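This report walks through selected helices, their buried faces and the charged pairs of one protein chain. Please keep the structure at hand while reading.

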Amino acid sequence: MARKRRKLSNPLALAVMTTLLQKPMHPYEIAQTLRSQGKDASTKTNYGSLYTVVQNLEKHGFVEVTGVERQGNRPERTVYGLTEAGREEMAEWLSDLLAIPAKEYPIFETSLSLMAALPPDEVVRLLEMRLSSLEVQVASGRGALEKLYETLPRLFLVEVEYQLHMVEAQAEWIRGFLDEVRKGSLPGVEGWRYYHETGELPPEFT
């Protein structure tokens, strides 16, 4: 099942629409809310471009101006609310993202696909460094999550749980891969070593 092609594809636009479900806000308040609710940890958030995102949402009829606010001597701030079309777009877009897997291109996956360009022992050393960093992330992340459980319903922490689970899964995979390389049981590892020792591709690689 393919995802529907949308007028806007920036995930920040979706985050803005879900934020405006709470109440109409001006862009600065939207940014503050995203930050205070921790959404900037799961959505790439460029606060400098947030005004452009809001303007694009207005252009496509997903948000509309609902008023203007002024506090003291500060400049007026335009307040935006979600339109009915925006509610429908938000619900459809979010439903697609939850239901339909999409091919993503994590940079670590890219590096794994190219790692044979480095000698096996160097890759082992580098992955050991990565594993050490991941283990620190897991330990600190688990402690932080337990603290958050004390003040927030789990419903609002599922993305943090998922992030932590993915870090743990990556660390587990790296441990297994390192073990295979060290033991020499990884298929192709001898040819890999041969190439870096001689500069010649082994027959099984050609």
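## Helices and salt bridges

In helix H7, the residues that count as buried are Glu159, Glu161, Leu164, Val167, Ala171, Ile174, Phe177, Leu178 and Val181. The coordinates discussed here belong to a predicted model. The cover over these buried positions of H7 includes helix H5 (107-114), helix H6 (120-149) and helix H8 (189-198). Helix H7 itself runs through residues 158-183, and its 26 residues reach 38 Å from the first C-alpha to the last, close to the 38 Å expected at 1.5 Å a residue. After the helix comes Gly184, which has a positive phi, near 80°.

Helix H4 can be read in a similar way. Its 16 residues should span 22 Å at 1.5 Å a residue, and the end C-alpha atoms lie 23 Å apart, which agrees. The buried residues of H4 are Gly86, Glu89, Met90, Trp93 and Asp96. Viewed down the axis of H4, these buried residues fall within an arc of 135°, so they line one face of the helix. Turned away from that buried side is a face with the exposed residues Glu84, Leu98 and Ala99, while the cover over the buried residues of H4 includes helix H1 (11-20) and strand S2 (77-82).

What surrounds Glu89, apart from its neighbours within four places in sequence? This residue of helix H4 (residues 84-99) is in contact with Arg6, Met17 and Phe62. Glu89 has a relative accessible area of 10%, and because the limit for buried is under 20%, Glu89 is classed as buried.

Arg6 also appears among the salt bridges, of which the count comes to 13. Three of these pairs are set out in the table.

| Salt bridge | Closest N to O distance |
|---|---|
| Arg6 and Glu92 | 3.8 Å |
| Lys23 and Glu29 | 2.9 Å |
| Glu122 and Arg125 | 2.7 Å |

The salt bridge between Arg6 and Glu92, with its closest N and O atoms 3.8 Å apart, links distant parts of the chain, since Arg6 belongs to the segment before H1 and Glu92 to helix H4, 86 residues apart. Arg6 counts as buried at 15% relative accessibility, whereas Glu92, at 37%, counts as partly exposed. A buried and a partly exposed residue are likewise paired in the bridge between Lys23 and Glu29: Glu29 counts as buried at 15% relative accessibility, and Lys23 as partly exposed at 41%.

Glu122 and Arg125, by contrast, both lie in helix H6, 3 residues apart, which is about one turn of the helix. Glu122 counts as partly exposed at 27% relative accessibility, and Arg125 counts as partly exposed at 40%. Elsewhere, salt bridges that share partners join Arg6, Glu89, Glu92 and Asp96 into one network; within this network, Glu89 and Asp96 are among the buried residues of H4.

A nonpolar surface patch completes the description. Leu118, Leu126 and Met129 make up this patch, which covers about 250 Å². Leu118 is placed in the loop between H5 and H6, and with a relative accessible area of 38% Leu118 is partly exposed.

Definitions and conventions
Residues numbered from 1 in each chain as written. Predicted model: local features only at pLDDT ≥ 70, side-chain atom pairs only at ≥ 80, totals over all residues. Heavy atoms only, no water. Helix = DSSP H or I, 4+ residues; strand = E, 2+ residues; numbered from the N terminus. Expected span 1.5 Å × (residues − 1). Buried < 20%, exposed > 50% of the residue type's maximum accessible area, 1.4 Å probe, protein only. Contact = heavy atoms within 4.5 Å. Patch = residues over 30% accessible without salt bridge, like charges linked within 9 Å, V, L, I, M, F, W, Y side chains within 5 Å. Areas by Shrake-Rupley, 256 points an atom, 1.4 Å probe, with all protein chains shown as cover. Salt bridge = Lys/Arg side-chain N within 4 Å of Asp/Glu carboxyl O. Arc of directions from axis to C-beta.
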